[in-house]
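I opened a fresh page for this one and kept my notes short. Come along as I go through what I looked up.

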Amino acid sequence: MQIFFQALQIFFEILQWIIFIDVILSWFTLIGLRIYIMPIRWVLDPLYARIDRMLPTTFLGVSFTPFLLLMAIYILQTWVFLSAQFLL
């Protein structure tokens with residue numbers, strides 16, 4: 001059971017890094033470069049679309065979807081960590 005919780009924590013950390021990479025790559029559009037790494041798009045686009053359907057996440061041209069997704073991951077990580085401590 002402990003291995004499951006550790007694997008889940010690693011998955012969440014990798015997902016956080018993917019989001020950070022996507023955010024940094026999106027900043028390049030400000031100077032006219034569009035860099036798309038398709039595996040990142042395949043992972044994040046369904047997650048971003050789900051959040052965008054639930055909440056209006058764009059304000060003054062800035063999308064807060066990655067921030068909201070990071071907050072959701074943080075909450076899930078905390079919940080998994082507390083559950084792991086309780087169950088183990």
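Before anything else, a cut-off for my notes: I call a residue buried when its relative accessible area is under 20%, exposed when it is over 50%, and partly exposed in between. I also keep in mind that this is a predicted model.

**Entry 1: helix 2, inside and out**

With that cut-off I went to helix 2 and listed its buried residues: I40, R41, L44, Y48 and I51. I then asked what covers the buried residues of helix 2. Helix 1 and helix 3 are included in that cover.

I checked the length too. Helix 2 has 17 residues and spans 24 Å from first C-alpha to last, close to the 24 Å expected at 1.5 Å a residue. I still looked for a bend and found one of about 35° at L44, with a proline, P46, following within four residues.

**Entry 2: the chain overall**

I stepped back to count elements. The chain has 3 helices and 2 strands, and from the N terminus they run α-α-β-β-α.

For overall shape, I noted a radius of gyration of 15 Å, where a compact globule of 88 residues would be near 12 Å. The C-alpha atoms fill a box of roughly 50 × 25 × 15 Å along the principal axes. Of the 88 residues, 26% count as buried.

I also looked at how contacts are spread along the sequence. Taking contacts between residues at least 6 apart, I found that 60% join residues at least 24 apart.

**Entry 3: helix 1**

Helix 1 has 26 residues and reaches 38 Å from its first C-alpha to its last, close to the expected 38 Å. Its buried residues are F5, F12, L15, Q16, I18, I19, D22 and L25, and they pack against helix 2 and helix 3.

I picked out F5, in helix 1, for a closer look. F5 counts as buried because its relative accessibility is 9%, under the 20% limit. Leaving aside neighbours within four places in sequence, F5 is in contact with V80, S83, A84 and L87. I also took one distance: the C-alpha atoms of F5 and F81 are 7.6 Å apart, though 76 residues separate them along the chain.

Next came Q16, also placed in helix 1. Is Q16 buried or exposed? Q16 has 18% relative accessibility, so Q16 counts as buried, with the limit at 20%. Beyond its sequence neighbours within four places, Q16 touches L70, I73 and Q77.

I3 was my exposed example from helix 1. Its relative accessibility is 67%, so I3 counts as exposed, the limit being over 50%. I3 and T65 are 62 residues apart in sequence, and I read 30 Å between their C-alpha atoms.

**Entry 4: helix 3**

Helix 3 has 23 residues and reaches 32 Å end to end by C-alpha, close to the 33 Å expected. I listed its buried residues as T65, P66, L69, L70, I73, Q77, V80, S83 and A84. Which elements do the buried residues of helix 3 pack against? They pack against helix 1, helix 2 and strand 2 (62-63).

**Entry 5: the core**

I turned to the largest nonpolar core, which has 14 residues; L15, I19, L44, Y48, L69 and I73 touch the most other members. Helix 1, helix 2 (38-54) and helix 3 (65-87) each supply at least two residues of this core.

I followed I19 in particular. Setting aside neighbours within four places in sequence, I19 is in contact with L44, Y48, P66, L69, L70 and I73.

**Entry 6: aromatic pairs**

Last, I searched the whole structure for aromatic pairs and got 3. One of them is W17 with F20: edge-to-face, 6.0 Å centre to centre and 70° between the planes. Both lie in helix 1 (residues 2-27), 3 residues apart, about one turn of the helix.

I checked how much of this pair is accessible. W17 has a relative accessible area of 59%, so W17 is exposed. F20 has 41%, so F20 is partly exposed, falling between the 20% and 50% limits.

Note on methods:
Residues are numbered from 1 along each chain as its sequence is written. This is a predicted model: local features need pLDDT of at least 70, side-chain atom pairs count only at pLDDT 80 or more; totals for chains, interfaces and linings use all residues. Side-chain values use heavy atoms; hydrogens and water are left out. Rings of Phe, Tyr and Trp (its six-membered ring) pair if their centres lie within 6.5 Å; planes under 30 degrees apart count as stacked, over 60 as edge-to-face and the rest as tilted. Buried means under 20% relative accessible area, exposed over 50%, partly exposed in between (1.4 Å probe, protein chains only). A nonpolar core is a set of buried Ala, Val, Leu, Ile, Met, Phe, Trp, Tyr and Cys residues joined through side-chain atoms within 4.5 Å. Contact means heavy atoms within 4.5 Å. The expected span of a helix is 1.5 Å times one less than its number of residues. The bend at a residue is the angle between axes fitted to the seven residues ending there and the seven starting there. The radius of gyration is taken over C-alpha atoms; the globule rule is 2.2 Å times the number of residues to the power 0.38.
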